[in-house]
Amino acid sequence: MILVANGCSHTCGAEIDSPGQRASFNKAWPKYLADHLNFDYANLADSGASAHRVARTTTRYIIDSFSKKKKLDDHFFVIMWPGIYRDEIRLFENPTDHEKGLFYDDGWLSLMIGNDKYYKKAFSKRMLLYFRAWVVAHEKVKSQMDYLHHIIFLQNFFALHKIKYLFWTASHSPIHKHKELKGYLGLINKKYYPFIDDINQCYNVLMQNNNQLISEHSMASGFGSHYDENAQIWFAKYLHDYIVSNQVLT
């Protein structure tokens, strides 16, 4: 069996080894969860990832597997969904060399509200204008609707192809009880995404409530939000116990 994980910095193991480190796959919780399950593993996550990136890269992995005539009945996908208020943009037409270097993710670049300080230093003028326009145009109901669309799309894609999976939440972002969102949570299969709207079960709150430690490197960088290797080991055991006790793989 192969465990395929996807998500953001909390899934790829950001800043476990050094300040500003994008990923440390061999020390992040998916590796330890795979060890508990006696599975091989692949980690598709990246720092700053959005729900859009999760849906895009997971779908790409599956399409590429189908094109190589690989069966996926020996795969188990665990996705820890990032925060709602993120997005990504595709590389502009006629990019400068500077812009080409920034769109590091197969021609895509993550965007996060609140990352203004970094973007002012790194972005070209038109990229910065795009980012500022995106922030100004940002609207909560649409963002939440898009987020739920990605989740519903993937869970139905998995169900269609009989692929085993489990969804979790990285950081709690409450879904507003807006009339346009009415009924969306009812479309979520709670067996495979049991705690979509439960703040106490999201990754960050679980870590805090169980006295897990932020990495010293994350503290040094100023992010102060990424957990150390021992915390990764703890969370992997927590997920493993949940998977076994709730027969997720059966």
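This is a short chat about the pockets, cavities and sheet of a predicted model.

Me: Pockets first. What volume does the largest pocket have?
Reply: About 640 Å³. Keep in mind that the model is predicted.

Me: How many residues line the largest pocket, and which lie nearest its centre?
Reply: The lining has 29 residues. Nearest the centre are Ser47, Gly48, Met112, Asn115 and Phe223.

Me: Which elements supply at least two residues each to that lining?
Reply: Two of them are helices early and midway in the numbering scheme used here, α1 (9-12) and α4 (97-102). Strand β5 (108-112) and helix α5 (116-122) do it too.

Me: And which one has the largest share?
Reply: β5, with three residues.

Me: How does the lining of the largest pocket divide by residue type?
Reply: Twelve are nonpolar, 14 are polar and three are charged.

Me: Now the second largest pocket. What volume?
Reply: About 280 Å³. Its lining has 16 residues.

Me: Which of those lie nearest the centre?
Reply: Asp87, Trp134, Lys142, Ser143 and Asp146.

Me: Which elements give two or more residues there?
Reply: α3 (51-67), β4 (86-90), α6 (125-137) and α7 (140-160). The most comes from α7, with five residues.

Me: How many nonpolar, polar and charged in the second one?
Reply: Six nonpolar, five polar and five charged.

Me: Switching to closed space. How many cavities of 30 Å³ or more turn up?
Reply: Two, in a search of the whole structure. The largest cavity holds about 60 Å³ of space. The second largest has about 30 Å³.

Me: What lines the largest cavity?
Reply: Pro82, Gly83 and Ile84 are among the lining residues. Tyr147 and Thr169 are there as well. The lining also includes Ser171, His172, Ser173 and Ile175, plus Tyr193 and Ile196.

Me: How many of them are charged?
Reply: None. The lining of the largest cavity has six nonpolar and five polar residues.

Me: And which residues line the second largest cavity?
Reply: Ser9, His10, Gly13, Ala14, Tyr203, His226, Tyr227 and Gln232. That lining has three nonpolar and five polar residues, and no charged ones.

Me: OK, the sheet. What order do the strands have?
Reply: β2-β1-β3-β6. It is an open sheet of four strands, with parallel pairing.

Me: Why is one side of β2 and of β6 left without a neighbour?
Reply: β2 (40-43) and β6 (164-169) stand at the edges. Each has a single partner strand, so one side of each has no neighbour in the sheet.

Me: What does the twist average?
Reply: 15 degrees from one strand to the next.

Me: How many bridges join β1 to β3?
Reply: Five. β1 covers residues 2-6 and β3 covers residues 75-81, and the two run parallel.

Me: Which residue of β3 does Asn6 stand opposite?
Reply: Ile79.

Me: Last topic, helices on the sheet. Which strands does α2 lie across?
Reply: β1, β2 and β3. Helix α2 spans residues 29-37 and runs at about 160 degrees to β2.

Me: And where does α3 lie?
Reply: Across β1 and β3. The angle of α3 to β3 is about 170 degrees. α3 also belongs to the elements that give two or more residues to the lining of the second largest pocket.

Technical notes
Residues numbered from 1 in each chain as written. Predicted model: local features only at pLDDT ≥ 70, side-chain atom pairs only at ≥ 80, totals over all residues. Heavy atoms only, no water. 1 Å grid on protein atoms, 1.4 Å probe; cavity = no way out; pocket = protein on both sides within 12 Å on 5 of 7 lines; lining within 4 Å. Points joined across faces, edges and corners; volume = space filled by probe spheres on them. Nonpolar A, V, L, I, M, F, W, Y, C, P; charged D, E, K, R; others polar. Pairing = 2+ DSSP bridges. Axes fitted to C-alpha atoms, helices over the stretch in contact; angles between N-to-C directions. Contact = heavy atoms within 4.5 Å.
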